[in-house]
Amino acid sequence: FQKSRHHGFMTTTPATDPRTMLRQVNLRITGPRVAILDALETRPHSDAETVIQAVRDSYGKVSTQTVYDALHAMTAHGIIRRIEPAGQSALYERRVGDNHHHLVCRQCATIVDIPCAVGDTPCLTAAHESELSEGFDIDEAEVTYWGVCRACREGAAAASAASPVAG
């Protein structure tokens, strides 16, 4: 991570070079791991099968288990994030450490990153702290917004305009 000042506070921004990312968390630098990080840079919110195909396209022959093991290790070391929108396979992304959220289209499953709604990390403070949250040290909030994207709405509107009206 590279340190920088933001609003008077010291923050960290993740390195973008795959080798540097792996080195910073003491993970061995391997071709498949670098290929996975490259794939997630160009294909954020990818499921494991998409990552496997991208790695095979760019790196060559690699076992499915190697990719799953690498995804698990990099998630555990915090250099990639695993998200699990309801009804979908686990997805992976390189954007970590900024407490962003996700917006998912109910029709086409497109996912976009959304900044935290109220500031830096308000979601990390439970709104109604009670005996239920006592003793917890909240370090992450996972918020998923659901809706229908513009392309799907426009497609539905065009389809209904083109269909004959029953009389």
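## Fold, core and charged pairs

Along its sequence, the protein chain runs β-β-α-α-β-α-α-β-β-β-β-β-α. That gives five helices and eight strands. The model is a predicted one.

**The chain overall**

The protein chain has 167 residues, and 29% of them count as buried. Its accessible surface is about 10,900 Å². Carbon and sulfur atoms make up 52% of that surface. Take the contacts between residues at least 6 apart in sequence: 44% of them join residues at least 24 apart.

**The core**

In soluble globular proteins, nonpolar side chains tend to be buried together. Here the largest nonpolar core holds 24 residues. Ile36, Leu71, Met74 and Ile79 have the most contacts inside this core. Four elements each give two or more residues to the core: α1 (18–24), α2, α3 (48–58) and α4 (64–76).

Ile79 shows what such a residue touches. Setting aside neighbours within four places in sequence, Ile79 contacts Met21, Leu22, Val25, Leu27, Leu37, Met74, Arg94 and Val96.

**A buried arginine without a partner**

Arg33 sits in helix α2, which spans residues 31–42. Arg33 is buried, yet it has no salt bridge. How far away is the nearest side chain of opposite charge? That side chain is Asp69, and it lies 8.1 Å away. A salt bridge needs a nitrogen and a carboxyl oxygen within 4 Å, so Asp69 does not qualify as a partner for Arg33.

The Arg33 side chain does reach a backbone atom. It comes to 2.8 Å from the backbone oxygen of Arg28. Arg33 also touches Leu22, Leu27, Arg28, Ala70, Ala73 and Met74, leaving out residues up to four places away in sequence. One of these, Met74, is among the core residues with the most contacts. Met74 is also in contact with Ile79.

**Salt bridges**

Side chains of opposite charge can pair when their charged atoms come close. The whole structure has five salt bridges. The table gives three of them, with the N to O distance for each.

| Pair | N to O distance |
|---|---|
| Arg81 and Glu93 | 3.7 Å |
| Arg95 and Asp98 | 2.5 Å |
| Arg95 and Asp113 | 3.4 Å |

Start with Arg81 and Glu93, which meet in a salt bridge. This pair links distant parts of the chain, 12 residues apart. Arg81 belongs to strand β4 (residues 81–83), and Glu93 belongs to strand β5 (residues 91–93). Are these two residues buried or exposed? Arg81 has 10% relative accessibility, so it counts as buried. Glu93 has 1% relative accessibility and is buried as well.

Next comes Arg95, which has a salt bridge to Asp98 and another to Asp113. Arg95 lies in the loop between β5 and β6 (101–105), while Asp113 lies in strand β7 (residues 111–114), so their pair ties together parts 18 residues apart in sequence. The shared partner joins Arg95, Asp98 and Asp113 into one network.

How accessible are the members of this network? Asp98 is partly exposed, at 32% relative accessibility. Arg95 is partly exposed, at 34%. Asp113 is partly exposed too, at 25%.

**In brief**

Arg33 is buried and has no salt bridge, whereas the buried Arg81 pairs with Glu93. Arg95 is partly exposed and belongs to a network with Asp98 and Asp113.

Methods: Residues numbered from 1 in each chain as written. Predicted model: local features only at pLDDT ≥ 70, side-chain atom pairs only at ≥ 80, totals over all residues. Heavy atoms only, no water. Buried < 20%, exposed > 50% of the residue type's maximum accessible area, 1.4 Å probe, protein only. Lys, Arg positive; Asp, Glu negative; His and termini not counted. Polar contact = N/O pair within 3.5 Å; in protein donor to acceptor, adjacent residues only side chain to side chain. Contact = heavy atoms within 4.5 Å. Core = buried A, V, L, I, M, F, W, Y, C linked by side-chain atoms within 4.5 Å. Areas by Shrake-Rupley, 256 points an atom, 1.4 Å probe, with all protein chains shown as cover.
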